[in-house]
Amino acid sequence: MEKTYRLFDDDSYIKEFDAAVLDSFEEDGKYCAVLDRTAFFPEGGGQDADLGTLDGIEVLDVQEKDGVIIHYTATPLEKGKTVCGRIDFDERFRRMQNHTGEHILSGIVHTLYGFENVGFHLSKEYVRVDFDGVLSAEDVRKVEYLCNKAIVENHPVKAYYPDPETLDTIEYRSKKDICGKVRLAVIEGVDVCACCAPHVASTGEIGLLKVTDFIKYKGGTRLEIVCGIDALETFFAEHDMLSKIAVSASAKREEVPSVFERLNGEIRALKGELSSVNRAYSEKLLSEIKYTSGNLCYFFGAGFDVNIMRDFVNGGKEKCKGVFAAFAGDDKKGYRYIAASNNVNMRENAPRINFAIDGKGGGSPQMIQGTANAEKEAIIDFFEKM
């Protein structure tokens, strides 16, 4: 079958088009249609496919195989019919903003540091870009500033297929070797990159680029960015969230960091006081426990310090011939537990104990620890009969 004519190569802004249905068939239970031409961009180059309709029928996915673009539709199309295609242009333009923003980012990183873009994915949830070198926080801030400077300068963006002779004279970025025709996306003074996707006509249409996160990743750096409308919506969401936090803290938005610093200090102090109280309580409780030939089991609140609980159990195993166990938590969310004995091999008995208390965990012959999901009464009943 002849290759599908790619209308989006000619014009990224086509929202509606007419095309002939060359073939209509089913594939793995899905309805498929091949058109003589299309403005639907197929999934590729790290970007999801365009969505929209063909004669009012929903387009669920678009894929390309050997130059033939296949449209997956909600119901079948009639072979030989001329159909009207409509692109979900709001989503398309959002992707154009983000994808062109990624070109600016990658071009500037390459120019400043020589790093290559080795991974890119643009979905509805995020835009991720991976570089093969490590960027510091200062580097990222500098790159972000220069990206937005390039956006404000409103550089033209051109996408075209140069002839082979001209291509040999052009230096451009590419994540892989390309056989056949190469489509270049050129942002004057900023970047030249091999790319098959739709882009905005000038950088000013991006509006804004914001780096939302960056981490070290596989020896390099992974950045997450938002551009244009997505960046504005991110600002709205974060501004609203900060405003709500400020209201709840009875503070101005700019005072929120200092308020939280103060509250964290107070929380640390209270945790220290609580730890002292819990330790004193556990020591007093331990001193009042009388020796028994059976097992002993005690329960504490969910926030009980694990180190205090371990000391309690170490002391408690001297108070009984069997198993001494302590649980911290509640029936709803489950328990953390520590159990020890001077006379019972805890490692050997761990499977039996965990089965009875709906838990998991292990340890040494003297002590085991883990989590339990059984209710308190069932746990007590088990240790009383064990």
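Glu102 is a buried residue (buried means under 20% relative accessible area, exposed over 50%, partly exposed in between, with a 1.4 Å probe and protein chains only) that has no salt bridge. The nearest side chain of opposite charge is that of Arg173, 4.6 Å away. Here Lys and Arg count as positive and Asp and Glu as negative, while His and the chain ends are not counted. A salt bridge is a side-chain nitrogen of Lys or Arg within 4 Å of a carboxyl oxygen of Asp or Glu. The model is a predicted one, so local features need pLDDT of at least 70 and side-chain atom pairs count only at pLDDT 80 or more, whereas totals for chains, interfaces and linings use all residues. Residues are numbered from 1 along each chain as its sequence is written, and side-chain values use heavy atoms, with hydrogens and water left out.

Glu102 sits in helix H2, which covers residues 89-113. Helices (H or I, at least four residues) and strands (E, at least two) are DSSP runs, numbered from the N terminus. What does the side chain of Glu102 pair up with in a polar contact? Its partner is the side chain of Asn117, at 2.7 Å. A polar contact is a pair of N or O atoms within 3.5 Å; within protein, one must be able to donate a hydrogen and the other to accept it, and residues adjacent in sequence count only if both atoms are side-chain atoms. Setting aside residues up to four places away in sequence, Glu102 touches Asn117, Phe120, Val129 and Ile225, where contact means heavy atoms within 4.5 Å.

Now for Asp50, found in the loop between strand S4 (37-38) and strand S5 (52-54). Its relative accessible area is 2%, so Asp50 is buried. A polar atom of the Asp50 side chain lies 2.8 Å from the backbone nitrogen of Phe41, and the side chains of Asp50 and Arg92 share a polar contact of 2.6 Å. Beyond its neighbours within four places in sequence, Asp50 is in contact with Ala39, Phe40, Phe41, Val62, Ile87, Arg92 and Arg95.

Side chains of opposite charge can pair when their charged atoms come close. Asp50 does this with Arg95, forming a salt bridge whose closest N and O atoms are 4.0 Å apart. Because Asp50 lies in the loop between S4 and S5 and Arg95 in helix H2, the pair ties together parts that are 45 residues apart in sequence. Arg95 is buried, just as Asp50 is. There is also a network of salt bridges here, linking Asp50, Glu91, Arg92, Arg94, Arg95, Lys124 and Asp230.

How many salt bridges are there by this rule? The count comes to 22. One of them joins the side chains of Arg183 and Asp9, with 3.2 Å from N to O. This pair links distant parts of the chain, 174 residues apart: Arg183 is in the loop between helix H4 (164-167) and strand S12 (184-187), and Asp9 is in helix H1 (residues 7-10). Both Arg183 and Asp9 are buried. Another salt bridge brings together Arg222 and Asp130, at 2.8 Å from N to O. Arg222 belongs to strand S15 (residues 220-227) and Asp130 to strand S10 (residues 127-131), 92 residues apart. Arg222 and Asp130 are buried as well.

Finally, Ile245 is placed in helix H5 (residues 228-248). Ile245 counts as partly exposed because its relative accessibility is 28%.
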